[in-house]
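Okay, thanks for making room for me today. I'd like to walk you through one structure, starting with the overall layout and then stopping at a few residues.

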Amino acid sequence: MSAVDTVASLAMATTDRTPKGTVYQHTHFLRPAMSDDMRIEASVLRFGKASAFAETKVIFISSDELVAHATLEFAF
């Protein structure tokens, strides 16, 4: 979950405003994350005036299987 939060925070840093931090994070773990390398992809869904929303996916590199999915909200 900390890796998901870190990658989503980096995605939030793509604006000229500095985020104040994570307000909400909900993570679904779909399978055990063992014995394989993973990539984490973050997408900013919406930048608002006071908050922003992101979606993050953790994916096995070798099989492209989804390991975890998270939605996050950040305060500005």
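So, what's in here? The protein chain has 1 helix and 4 strands, and reading from the N terminus the order is α-β-β-β-β. Please keep in mind that this is a predicted model.

Let me give you the overall numbers. The C-alpha atoms fit in a box of roughly 40 × 20 × 15 Å along the principal axes. The chain has 76 residues, and 26% of them count as buried. Its accessible surface is about 4,800 Å², with 55% of that belonging to carbon and sulfur atoms. For the charge people: I have 7 positive and 9 negative side chains, and the centres of those two sets lie 12 Å apart. And on contacts, if you take those between residues at least 6 apart in sequence, 59% join residues at least 24 apart.

Now to the aromatics. How many aromatic pairs does the structure hold? Just 1 aromatic pair. The partners are Phe47 and Phe76: their ring centres are 6.0 Å apart and their planes sit at 70 degrees, and since an angle over 60 counts as edge-to-face, that's what we call this pair. The pair also links distant parts of the chain, with Phe47 in strand 2, residues 38–47, and Phe76 in the segment after strand 4, which itself covers 66–75. Along the sequence the two are 29 residues apart.

Are the two rings buried or exposed? Phe47 has 35% relative accessibility, so it goes down as partly exposed. Phe76 comes in at 14%, and because the cut-off for buried is under 20%, Phe76 counts as buried.

Stay with Phe76 for a moment. What sits over its ring? That would be the charged end of Arg17, 4.4 Å from the ring centre. So in your viewer, find the Phe76 ring and look for Phe47 as its edge-to-face partner and for Arg17 over the ring. Arg17 and Phe47 also turn up in the contact list of Phe76, once you set aside neighbours within four places in sequence. Others on that list include Met12, Thr15, Pro19, Lys49 and Ala52. As for what is far off, Val58 is 18 residues from Phe76 in sequence, but 25 Å away in space, C-alpha to C-alpha.

Val58 makes a handy reference point for another phenylalanine, Phe29. That one is in strand 1, residues 21–29. Phe29 and Val58 are 29 residues apart along the chain, with their C-alpha atoms separated by 9.2 Å. Phe29 has a relative accessible area of 57%, so it is classed as exposed. Beyond its neighbours within four places in sequence, Phe29 is in contact with Met1, Val67 and Ala68.

Next, something from the inside: Thr56, in strand 3, residues 51–60. Its relative accessible area is 0%, so Thr56 is buried. What does Thr56 touch, apart from neighbours within four places in sequence? The contacts are Val4, Ala8, Ile40, Glu41, Ala42, Ala68, His69, Ala70 and Leu72. You'll recognise Ala68 in there, as it was also one of the contacts of Phe29.

Last stop, the backbone. In general, most residues other than glycine have a negative phi. Two residues here are worth a look against that background. Ser35 has a phi near 60 degrees, which is positive in a residue other than glycine. You'll find Ser35 in the loop between strand 1 and strand 2, and at 77% relative accessibility it counts as exposed.

The other is Asp64, again not a glycine, with a positive phi of about 60 degrees. Where does Asp64 sit? In the loop between strand 3 and strand 4. Asp64 has a relative accessible area of 51%, and since exposed means over 50%, it is called exposed. If you leave out residues up to four places away in sequence, Asp64 touches Arg39 and Ile59. Ser43, on the other hand, is 21 residues from Asp64 in sequence and 17 Å from it in space, C-alpha to C-alpha.

To wrap up, if you open just one view, make it Phe76, with Phe47 as its ring partner and the charged end of Arg17 over its ring. That's everything from me, thanks.

Notes
Residues numbered from 1 in each chain as written. Predicted model: local features only at pLDDT ≥ 70, side-chain atom pairs only at ≥ 80, totals over all residues. Heavy atoms only, no water. Phe/Tyr/Trp six-rings, centres within 6.5 Å; stacked < 30°, edge-to-face > 60°. Buried < 20%, exposed > 50% of the residue type's maximum accessible area, 1.4 Å probe, protein only. Lys NZ or Arg CZ within 6 Å of the ring centre and 35° of its normal. Contact = heavy atoms within 4.5 Å. Areas by Shrake-Rupley, 256 points an atom, 1.4 Å probe, with all protein chains shown as cover. Lys, Arg positive; Asp, Glu negative; His and termini not counted. Charge placed at Lys NZ, Arg CZ, Asp CG, Glu CD.
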